[in-house]
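Visitor: Could you take me on a close look at one part of this structure, the second largest pocket? I'd like to know what lines it and what sort of residues I'd meet there.

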Amino acid sequence: MELIKSFTRVHSRLKQRIMKVNFVLSAALLVLGLIGLSSCEDEVSNVPTAEAVKDITGSWKVVQLTRNGEDLSERLDLSGFRIGFNSDGTYTLANQLPFIADAPGTYKLSDPQYPFALVLTPEGVEEDVVARFQFPMVKGKRQLSLSFSLGCESNTYQFNFERENQN
Amino acid sequence: MKKATHTLLYIYLLVGLFVTMFLVHCGLTALTVTVPEQAMVNERVTFVMHSGAEPRIEEPGTYTTQLLAGIMVPKSWNARQNAVLTFTSPKGNGVMRMIPDSEIEPVSGLSWHQAAKNMFGIGPNLVDDFEWIVYRSTQSYTFRNNEDISFDVNVECNVGAENMLVRLGFYVGSSIENLRPEDTDYKKVAFSQVFEVTGGEGDVIDFVNPQLATVQPVRSLDNDIVTLTFDAGVTHTVLDNQEDIYLAIRCFDEEGLLIDEVNEQTDKTRLRSIGGRKFLLDFWPRGFFNVERGQRIARLEYFYTDASGTLRVGYGKTEEPFRYTFRCQ
């Protein structure tokens with residue numbers, strides 16, 4: 001009987017000690033967590049937030065074409081059209097569709113980081129041609145979206161491109 | 001712990017039920033419109049929208065919003081420049097301002113005008129050469145429970161220089177509700193009866209009645225992508241029993257001289273069936289015809305034919321071809 005009582009006392013003390021240890025451990029972890037969090041804040045605030053320069057080099061194929069919001073992609077053969085942007089500032093066309101330019105030439109973005117327009121200068125043409133530029137991620141893939149008019153200004157076309165061999 | 005979870009679940013369901021009942025009993029009344037039967041070209045006409053608000057709000061809550069109103073009119077009316085919208089109501093009268101193109105409708109991520117076009121379409125019209133333009137009151141108005149009112153929105157607009165038959169579109173809404181697809185309480189849409197514009201030169205542009213042949217876009221140049229449609233269900237023709245319909249077409253310059261002719265029954269000229277005995281062909285005129293650089297196509301003349309090219313249908317089922325002139329105005 002005494003043995004049982006003695007065992008119970010020991011067990012009770014042991015339990016109290018474990019609880020104390022748990023409390024101290026929890027408090028220590030909390031303090032460490034807060035320190036970590038505050039150090040994370042410092043790290044986050046130190047990460048440079050400059051917008052990346054938009055790189056459009058590569059060969060792009062048309063995946064969607066709309067006219068005044070109407071999707072023509074299934075009704076027109078888009079397979080043959082390609083536009084290639086080279087790192088030396090020139091572009092080339094494989095042309096089976098109407099486009100704002102019908103000859104190769106040079107290109108530039110309206111702004112390297114925050115472009116809203118793509119400016120093309122086709123060979124043999126004095127005036128630049130300008131397309132509204134967007135560079136969204138769609139279903140995990142980068143798209144190049146160009147909007148412009150081909151004939152009447154009231155008719156707006158949007159060409160959505162994907163980079164060839166894009167993973 | 002289990003009891004607390006159940007209690008929270010019941011509270012959540014009750015709140016949901018209350019919110020649902022509240023929304024069902026709140027909103028705008030049905031929209032009706034007063035539109036004259038006809039007008040002369042370039043006449044300034046007034047259209048009136050009639051609607052009302054029926055706020056059912058738990059006291060002492062209030063509902064503060066701006067009035068939205070939209071119109072769907074032919075692009076040729078140039079309504080963005082010349083339309084003026086005003087409203088009258090027991091809570092005050094005011095002028096409405098067109099929402100800038102740069103302002104995005106939050107639900108669709110598009111401009112308000114494009115969002116309205118996507119949501120409401122062109123109603124009972126059959127040919128799309130329309131724009132939706134959305135306006136907003138310059139002031140906000142606060143409603144209390146059961147403060148039911150009726151209001152009118154007046155639209156003054158020039159009707160353009162073309163003869164036409166058209167059904168116009170109208171919309172009223174609440175600015176804080178945006179254009180949620182599922183919402184039926186805070187956005188009300190109506191299309192007018194047929195409105196006729198007469199007294200101008202040229203053919204009547206018929207947006208309303210089914211036509212044997214149509215061209216989209218209504219206004220285009222030879223560098224646009226053009227869609228020709230043949231609707232065999234409109235009337236009986238010699239092509240009634242044909243499964244394949246082909247295009248026989250010629251193009252002319254501004255002097256009326258023939259530039260090129262394509263009269264072959266191949267994949268190049270075969271129209272695509274889109275069901276309902278309708279067929280269409282999308283083509284880029286400058287790529288379709290043999291056109292020199294710098295040369296401009298001014299107009300088209302065309303027939304629809306069978307696979308042999310012997311049976312053909314022209315304008316009004318006559319030997320006259322369908323005609324289309326490239327223009328932007």
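Guide: Happy to. A word on terms before we go in: strands here are DSSP runs of E, at least two residues long, numbered from the N terminus. Keep in mind as well that this is a predicted model.

Now to the pocket itself. The second largest pocket holds about 990 Å³ of space. Its lining is made up of 26 residues, and those closest to the centre are Asp203(B), Val204(B), Gln211(B), Tyr315(B) and Arg323(B). If you'd rather find your way by strands, look in chain B for S16 (205-206), S17 (213-216) and S25 (322-325), the elements that give two or more residues to this lining. S25(B) makes the largest share, with 4 residues.

As for the chemistry, the lining of this second largest pocket splits into 14 nonpolar, 5 polar and 7 charged residues.

It helps to hold that up against the largest pocket, which has a volume of about 1700 Å³. There, 42 residues form the lining, and the ones nearest the centre are Asn68(A), Glu153(A), Ser154(A), Thr156(A) and Gln114(B). Both chains feed into that lining: among the elements giving two or more residues are strand S1 (58-67) of chain A and helix H3 (112-120) of chain B. By type, the lining of the largest pocket comes to 11 nonpolar, 22 polar and 9 charged residues. So much for the pockets.

Technical notes. Residues numbered from 1 in each chain as written. Chains lettered and ligands numbered in written order. Predicted model: local features only at pLDDT ≥ 70, side-chain atom pairs only at ≥ 80, totals over all residues. Heavy atoms only, no water. 1 Å grid on protein atoms, 1.4 Å probe; cavity = no way out; pocket = protein on both sides within 12 Å on 5 of 7 lines; lining within 4 Å. Points joined across faces, edges and corners; volume = space filled by probe spheres on them. Nonpolar A, V, L, I, M, F, W, Y, C, P; charged D, E, K, R; others polar.
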